[in-house]
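Thanks for coming. Today I will go through one model, with a look at its internal spaces and then at two single residues.

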Amino acid sequence: MEILLKETIDGKVMSIQTGKVAKQATGSVVVQYGDTIVLVTVVSTQDERPGDFLPLTVEYQEKIYAAGRIPGNYFRREIGRPSEKETLTARLIDRPIRPLFPKGYRCETQVIATVLSMDQENDPDTLAMVGASAALHISDIPFAGPIAAVRVARIDGQFKVNPTLSELEGCDINLVVAGSKTGVVMVEGGADVVSEADLTEAVFFAHRAMQPLIDLQIKLRETHGAPKRVFTPPARDAAFVDRVQALAAGPLREALLIPQKIQRYAAARAAKQSVIEALGDEGITRREEVVGLIEELKRAILRELILGEGRRVDGRRFDEIRPIHCEVGILPRPHGSALFTRGETQVLGVLTLGSGQDEQRVETLSGEEFRPFMLHYNFPPYSVGEAKRIAGPSRRDIGHGGLSTRAIEKILPAKETFDYTIRLVSEVLESNGSSSMGTVCACCMAMMDGGVPIKAPVAGIAMGLVSEGERVVVLSDILGDEDHAGDMDFKVAGTTEGITAVQMDIKIHELSREILAAALEQARRGRVHILGKMSEAIAAPRQEISPYAPTITTITIHPDKIREVIGQGGKTIRAIQSQTNTIVQVEDSGQVKIAAFSKQEAEAALNLIKQITADPEVGAIYEGTVVKITDFGAFVNIMPGTDGLVHISQLANRRVTKVSDVVKEGDKLKVKVLEIGRDGKIRLSHKALLEE
């Protein structure tokens, strides 16, 4: 049975339709907002997979036909590897729904969101998030939803829900917020250095605005929902669980009180192995179950240490930051570098500066974009003591890079004052909690080391939460173990004045306003402390960029002269670049940018362009080339693209009866400009020079 339900969100209608297409999926909906349409399907098999994790995959795909275009790549079809936008949106969908599946659910589950139509104004990402929840909610899959998601922006001091892409250009807060009926479950976005109070208000403004979308899904299930399949968590052998816990509790607790990660992990492995050996043959045959029980016990011990005993794994206070060490200028040839170490997390930030031709070109549903700022995050296996194959960037790498990009891009200088393409690379050398926030710190210092005139230094911190009933603890600068055992991973980046980026995921069903506000304030204090440590290594950007960085020289020419600089088929501009070892970029406005690796090369290219684009002056003397002979005179090329006429009477200081008696095509001839007419015609004279 086909059904279509609608709800008005900030004056525009959002509709959810089911029962018309993709009916063989376990659940499917079509979500429409304006002329942007997203199909979301979910399929969950009936057979359980072995293992101890939820086998959930989420895919988001943008079809170029949705925008009425043909793909611009060689194959003229969507290529197999998802774009950065698709990867980031898939993560946005995954993060709020994953905690809502029941513990122990092991049926292979896949969510696919496909953009079918894009109106260039309404971003499909939040539609895909709403659709994923709706498809799961009406299906027979056990799911503790529904949830909803909206984008909130602050434009001219006013909050707006689901703003258009053009409206986002002028906003100072841009967040995607997901929530349930009673609380917030995820926050992702950036801000232009705003206060903690303003960010909190934006989050809960979004939470109020999404309630009609939750009600819409509830109504949809009432009319078109399938009976939920019966799911019974795997039965446990209570006596065996007690035996494992009794054997593991003491050694595991001792292991977890070791401050150093490597030694702690080694002791935990030894404790696990001792339990398996103590269980004899049963420990070997039920090894996977034993490992799962020990991981659960580890989480419970860590939580009780925090909530019951008021202590952390490494002995810090709840709001204390790990020891920080910063260095800059450690690599000689890159244009800027910095090493940021916080506890057992260490990140190398590397800066490279380039010209306009180094900008990244990206094809999106909104059209082609050129990005003069890039930040790439790398997480090699050795950073956590592992040995495995190195592939391309993972979803995690792209997600952490995207978060760090949002944190830093708000403090970049204006293009008018620093006309460079900026690439930052984060190499995670060690990891024990929040390498993405370490990336923000390392890359910020690398830019300052490279002489990038940033508006203000920026740093980041990861906050955690452990809560049970009335017992609630907010943790600053969490370790990896605290992240795994806790209920929240909340990353906050910003300057001393305010926030530039946030990312929050929770494992509990919702987060209250009071806890969010407390976490933000505690994060602010930690961020200011980290910025103080960074300033001890480098307090401000260097006055000069690296001598190995290209110099950018800019000149503006008349637009009519552009074709002369480029030349037929690009011949002239290629010759300039070849002769001077530079990169020359010409804009339609007449702005010419010269990128060179030395001042001399830049000046050489600049002089050639000035010669090409210079206008002739009356009285000036030029040595030109005869390009054409007629009965009445000779045409002489005095500068690229500029010819003038030497009348037969001006060829010599005697009477000339035949032009070819004096000059031939190809001859060099010195001439003086006598007159430039209103029509641009130039009168030249060789006779005047002879007389002088």
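I will start with how the model was treated, then take the cavities, then the two residues.

This is a predicted model, in which local features need pLDDT of at least 70 and side-chain atom pairs count only at pLDDT 80 or more, while totals for chains, interfaces and linings use all residues. Residues are numbered from 1 along each chain as its sequence is written, and side-chain values use heavy atoms, with hydrogens and water left out.

First, the cavities. Rolling a probe the size of a water molecule over the atoms shows where empty space is left. A cavity here is a set of points, on a 1 Å grid over the protein atoms alone, where a 1.4 Å probe fits but cannot get out, and lining residues have an atom within 4 Å of a point. Grid points are joined across faces, edges and corners, and a volume is the space filled by probe spheres set on the points.

How many cavities of 30 Å³ or more does the structure hold? There are two. The largest has a volume of about 70 Å³. Its lining is made up of Tyr33, Asn122, Asp123, Thr126, Leu127, Arg151, Asn162, Pro163, Leu165 and Leu168. Helix H2 (125-138) and helix H3 (165-168) are the elements that give two or more residues to this lining; helices (H or I, at least four residues) and strands (E, at least two) are DSSP runs, numbered from the N terminus.

The second largest cavity has a volume of about 50 Å³. Among the residues that line the second largest cavity are Ser355, Asp419, Gln585 and Lys593. Two elements give two or more residues to that lining, strand S23 (583-586) and strand S24 (591-596). S24 gives the most, with three residues.

Now the single residues. Ser431 sits in the loop between strand S17 (421-430) and helix H11 (435-449). Is Ser431 buried or exposed? Ser431 counts as buried because its relative accessibility is 8%; buried means under 20% relative accessible area, exposed over 50%, and partly exposed in between, with a 1.4 Å probe and protein chains only. Leaving out residues up to four places away in sequence, Ser431 touches Lys261, Glu344, Thr345, Phe379, Ser383 and Val384, where contact means heavy atoms within 4.5 Å.

Pro334 is in the loop between strand S11 (324-328) and strand S12 (336-342). At 26% relative accessibility, Pro334 counts as partly exposed. With the same sequence neighbours left out, up to four places away, Pro334 touches Val350, Leu351 and Ser546.

Key. On a 1 Å grid over the protein atoms alone, a cavity is a set of points where a 1.4 Å probe fits but cannot get out, and a pocket is an open set with protein on both sides within 12 Å along at least five of seven lines; lining residues have an atom within 4 Å of a point.
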